[in-house]
Structure formats: structure tokens, C-alpha cells
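I'm opening a fresh notebook page for this one. My plan is to look up how the helices pack, then check a few single residues.

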Amino acid sequence: MIARHAMPTAREIAGRSGLDVDALVEALSAAARAELRALYRYTVLSSGPLAFAGEGLRQVLEDIRGEVRRHFEALARRVCELEGAFPASAGRFLGEAGDAVLEELLSGGRDPAAVLAGAAAADAAPYAALCELTEGRDVWTYELVAAVRHEKLEHEAWLREIAGLGPPGRFQRGFRGRSPYLSRLPGPQGA
């Protein structure tokens with residue numbers, strides 16, 4: 001009889017590479033929390049107060065909202081693959097922190113696209129650290145966070161273009177909102 005060995009879990013594979021898997025799960029959970037907050041921000045803005053700000057901005061907000069939803073789902077899936085857990089209460093997961101960007105935009109005053117471009121740049125920053133942490137150690141997580149980081153940088157470019165602060169984004173308008181980097185990955189996150 002041939003002995004069958006159990007396939008190692010994602011957590012075991014990541015741990016064998018020398019990663020502190022609990023710290024990785026916490027960092028991915030924090031990223032997922034930020035994505036869920038951003039999803040709320042873009043949903044509120046695209047359907048409410050900024051919907052009147054022009055068709056170009058409204059469409060970009062809708063596209064970003066769709067990609068942010070995909071980012072949250074992919075990150076949550078990876079946390080679960082690494083045997084992390086989420087609380088049953090969304091309130092416990094999100095905490096009481098408000099969204100300073102949303103508060104600023106709802107109070108008016110500054111150009112919404114410029115404010116959102118700055119927020120998109122800030123949203124991309126944690127992914128650089130996640131890439132550095134996982135590069136060469138946890139291929140699946142690295143590919144995921146690198147894809148999300150690229151898309152966050154595209155969000156910044158789209159918003160900078162709308163605000164007149166930078167050159168046009170690299171992707172054609174019909175391609176925005178489809179998570180071009182994330183969709184290249186194998187598995188459910190690429191769906």
C-alpha cells in the first residue's frame with residue numbers, strides 16, 4: 001500500500017518560508033478592512049454627493065468601486081486560506097474609525113478628484129510593504145498584493161487625470177473597472 005501524504009496547507013507553505021503567518025494574516029486583514037472602508041466610500045460617493053460632479057468622475061468612481069470590491073474579496077479569501085478568521089460582526093471588523101476622506105468630501109470645498117487621487121495614493125502605500133514582506137517567500141500572496149497595488153496606482157492615475165493633475169491613465173476607458181491585474185491570477189480572485 002502506498003502512503004499518501006496530505007498536501008500542505010497555504011498556512012504551512014507560508015510558514016515554511018520563514019514568514020510570521022499570524023503577522024501576515026493581520027496585515028492582510030488590515031488591508032481587507034481598508035478595502036471594505038474604501039468600498040463604502042466609493043459606493044456613497046458614486047451614488048450620492050459626487051454623482052452630479054460630472055459623468056467622467058462618476059464613471060471613474062464606479063470603476064474603482066468595482067475593483068475595490070474585487071480586492072476585498074480576494075484579500076478575504078487569502079486570509080481564510082491562511083487559516084485566519086473574521087469576526088461575525090462587521091462592526092467589530094471595521095471598528096469605529098470614520099473615513100477622513102469621505103468626511104472631507106461631504107463637507108465640500110476642495111476638488112473631489114484631487115482629494116480622491118491623494119486618497120488613492122495613500123491606499124496603495126501598504127501594498128508596497130506587503131509586497132516586500134512576501135516577495136520570494138509566499139508567491140500566491142505576493143502575486144495578489146502586487147496585483148492590487150498596481151490597480152491602486154491606476155486608480156490614482158485615473159483620478160489625477162480627471163483632476164487635471166497628471167497624464168492620462170494607461171488603460172482605455174472600456175478596460176477600467178475590470179481589475180486587469182487581479183484578473184490575470186489563477187483561481188477565484190482572477191474570476
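**Entry 1: α2 against α6.** I started with helix α2 (residues 21-47) and helix α6 (residues 112-134), which pack at about 160 degrees with their axes 11 Å apart. I should jot down right away that I'm working from a predicted model. An angle over 145 degrees counts as roughly antiparallel, so α2 runs roughly antiparallel to α6. I also looked up the handedness: α2 passes α6 in a left-handed crossing.

Which residues of α2 and α6 make the contact? On the α2 side I listed L24, A27, L28, A31, E35, A38, R41, Y42 and L45. On the α6 side I have L116, A119, D123, Y127, L130, L133 and T134. Sorted by kind, the residues of this α2 and α6 contact come to 12 nonpolar, one polar and three charged.

**Entry 2: α2 against α7.** Next I turned to helix α7 (residues 139-163), whose axis comes within 13 Å of the α2 axis and crosses that axis at roughly 30 degrees. Angles under 35 degrees count as roughly parallel, so I put α2 and α7 down as roughly parallel to each other. Here too I noted the hand of the crossing, and α2 passes α7 left-handed.

From α2, the contact with α7 uses L24, L28, E35 and Y42. From α7, I wrote down T141, V145, V148, K152 and L159. I sorted these as well, and the α2 and α7 contact divides into six nonpolar, one polar and two charged residues. Going back over my lists, I see that L24, L28, E35 and Y42 of α2 appear in the contact with α6 and also in the contact with α7.

**Entry 3: the whole chain.** I stepped back to look at the full protein. How many helices and strands does the protein have? I get seven helices and zero strands, and the pattern along the sequence reads α-α-α-α-α-α-α. Of the 191 residues, 41% count as buried. I also looked up how far the contacts reach along the chain. Taking contacts between residues at least 6 apart in sequence, 72% join residues at least 24 apart.

**Entry 4: an aromatic pair.** I went looking for paired rings, and the count comes to one aromatic pair. The partners are F86 and F93, set edge-to-face at 5.2 Å centre to centre, with 80 degrees between the planes. Are these two rings' residues buried or exposed? F86 is partly exposed, with a relative accessible area of 28%. F93 is buried, at 9%, and the cut-off for buried is under 20%.

**Entry 5: E103.** I found E103 in helix α5 (residues 100-107). E103 has a relative accessible area of 53%; over 50% counts as exposed, so I marked E103 as exposed. I then checked its spacing to R41, a residue I had already listed for the α2 contact with α6. E103 and R41 are 62 residues apart along the chain, and their C-alpha atoms are separated by 9.6 Å.

**Entry 6: E83.** Last, I looked up a backbone angle that caught my eye. E83 has a positive phi of about 65 degrees, although E83 is not a glycine. Where does E83 sit? I placed E83 in the loop between α3 (55-81) and α4 (90-94). E83 is partly exposed, with a relative accessible area of 48%.

Definitions and conventions
Residues numbered from 1 in each chain as written. Predicted model: local features only at pLDDT ≥ 70, side-chain atom pairs only at ≥ 80, totals over all residues. Heavy atoms only, no water. Phe/Tyr/Trp six-rings, centres within 6.5 Å; stacked < 30°, edge-to-face > 60°. Buried < 20%, exposed > 50% of the residue type's maximum accessible area, 1.4 Å probe, protein only. Axes fitted to C-alpha atoms, helices over the stretch in contact; angles between N-to-C directions. Helix = DSSP H or I, 4+ residues; strand = E, 2+ residues; numbered from the N terminus. Parallel < 35°, antiparallel > 145°, perpendicular 65-115°, else oblique. Left-handed = near helix turned anticlockwise from the far one by under 90°. Contact = heavy atoms within 4.5 Å. Nonpolar A, V, L, I, M, F, W, Y, C, P; charged D, E, K, R; others polar.
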